[in-house]
Amino acid sequence: MAEVLVLVDHTDGTVKKTTAELLTIARQIGTPSAVFVGSNVEAARPRLAQFGAEKVYVIDNADVQDYLVAPLAEALAAVVEQASPAAVLLPSTPHNKEAAARLAIKTGSGLITDAAAVEVDGDTVTATQSVFAGSYTTRSQVTKGLPIITVKPNILPPTASQAGAAVVNVDVQVSDAAKGAKITDRQPKQKSGRPELTEAAIVVSGGRGTGGDFGPVEEFADSLGAAVGASRAAVDAGWYPHSNQVGQTGKQVSPQLYVAAGISGMLLCRVKQLARALLVLGGSRRGCGRSAVRRSA
């Protein structure tokens, strides 16, 4: 079976759950191979092997890590040329989506972003997307080149399948043209003890209706082991950090349960279409209503 490349989402070798999900999807398409960017691959290998990565292509090049987007696209193109994969899967982040777009141009391939489901029928890969603020659901297939797909988190439970995770070092020469934007500083994100917002299975968000008091929102979230989000109105008012904004102009989430406290408007409800269950508390009677629960299969 042809290889399926999965870009590893990790922090200093600690592999995130999104990668396990992508490796699970990759096994449905072909033989999973991970693409690891960084220097601590040995820390990541056990988990990559646990979820089926037969190979781990390692790109340990400071230029790829110290410049924005373009070097990553060149590095992925080098791995694609070496591996001739059946597909490339990436976690759906703003950085990865731009890199995937550049990779699609370099390889003459089709790109699908923010997939909420990936299905395989023989050699055909079909991705499901929620578009126009959740107003429509589309099913798309790549018809040229190889499928390059960025996938949202929490779309399926990861399943283990032990493999070898053999290391394959990839020598990448980053072009001068790709070094247009250099990263000058990195600051570790302050730990809150809560799940990462984009990966959380449960999200509790507060809006204008909280009046700026996020204490009850945080208390409820902690009781559920949930991440805390906020509407644009709440963050623009200075009530909560912009890094916690959820929605079209903030972070995209796809939890199993989404609780919206004091958030009004049908648009915000549509943005949460990927949640398995949606609970709206204390919102306007317009849009989603004062209190509503929606469940999807």
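Which residue in β10 is the bridge partner of T126? The bridge partner of T126 in β10 is Q141, and this pair of residues is a convenient place to enter a structure that is a predicted model. In this predicted model, local features need pLDDT of at least 70, side-chain atom pairs count only at pLDDT 80 or more, and totals for chains, interfaces and linings use all residues. Residues are numbered from 1 along each chain as its sequence is written, while side-chain values use heavy atoms, with hydrogens and water left out.

The predictor's confidence in each residue is given as pLDDT, which runs from 0 to 100. For this chain the mean pLDDT is 88, and 89% of the residues reach 70 or more. Helices (H or I, at least four residues) and strands (E, at least two) are DSSP runs, numbered from the N terminus. With these names, confidence in the chain can be placed: it is highest in strand β5 (residues 55-59), at a mean of 98, and lowest in strand β17 (residues 291-295), at 41. Over residues 287-297 the pLDDT stays under 50, and for this stretch the model has 33 contacts beyond four places in sequence, where a contact means heavy atoms within 4.5 Å.

We can now turn to the sheets. In general, strands of a sheet pair through backbone hydrogen bonds, either parallel or antiparallel; here two strands pair if DSSP finds at least two bridges between them. T126 and Q141 belong to the pairing of strand β9 (residues 124-131) with β10, which is antiparallel and runs over six bridges. These strands are part of an open sheet of three strands, in the order β8-β9-β10, with antiparallel pairing. Its edge strands are β8 (117-121) and β10 (136-141), each of which pairs on one side only, and the twist averages 25° from one strand to the next.

Another open sheet has seven strands in the order β7-β11-β6-β1-β4-β5-β12, and its pairing is parallel. At its edges stand β7 (111-115) and β12 (166-169), each with a single partner strand, so one side of each is left without a neighbour in the sheet. Neighbouring strands of this sheet are turned by 25° against each other on average, direction ignored; axes are lines fitted to C-alpha atoms, for helices over the stretch in contact, and angles run from 0 to 180 degrees between N-to-C directions. Within the sheet, strand β1 (residues 3-7) pairs with strand β4 (residues 31-37) in the parallel sense over five bridges, and E3 stands opposite T31 in β4. Helix α5 (residues 94-107) packs on the sheet, where it touches β1, β6 (87-91), β7 and β11 (148-151), and its direction makes about 175° with that of β11.

What lies in the interior? In soluble globular proteins, nonpolar side chains tend to be buried together. A nonpolar core is a set of buried Ala, Val, Leu, Ile, Met, Phe, Trp, Tyr and Cys residues joined through side-chain atoms within 4.5 Å, and buried means under 20% relative accessible area, exposed over 50%, and partly exposed in between (1.4 Å probe, protein chains only). The largest nonpolar core has 33 residues, of which I25, L48, V56, L89, I149 and V151 touch the most other members. Helix α1 (residues 17-29) gives the largest share of this core, six residues. Leaving aside neighbours within four places in sequence, I25 is in contact with L89, V118, V151, I155 and L156. A second, separate core of 28 residues includes V35, Y57, V80 and V88.

Some single residues deserve a look as well. Most residues other than glycine have a negative phi. D12, in the loop between β2 (10-11) and β3 (14-15), has a positive phi of about 50° although it is not a glycine, and V69, in the loop between α3 and α4 (70-83), has a positive phi near 60°. D12 counts as exposed at 64% relative accessibility, whereas V69 counts as buried at 6%.

N61 is found in the loop between β5 and α3 (62-66), and N61 is buried, with a relative accessible area of 17%. A polar atom of the N61 side chain lies 2.8 Å from the backbone nitrogen of D63. In helix α3 we find D66, which is partly exposed, with a relative accessible area of 25%. The C-alpha atoms of D66 and T184 are separated by 7.9 Å, although these residues are 118 residues apart along the chain.

Methods:
A polar contact is a pair of N or O atoms within 3.5 Å; within protein, one must be able to donate a hydrogen and the other to accept it, and residues adjacent in sequence count only if both atoms are side-chain atoms.
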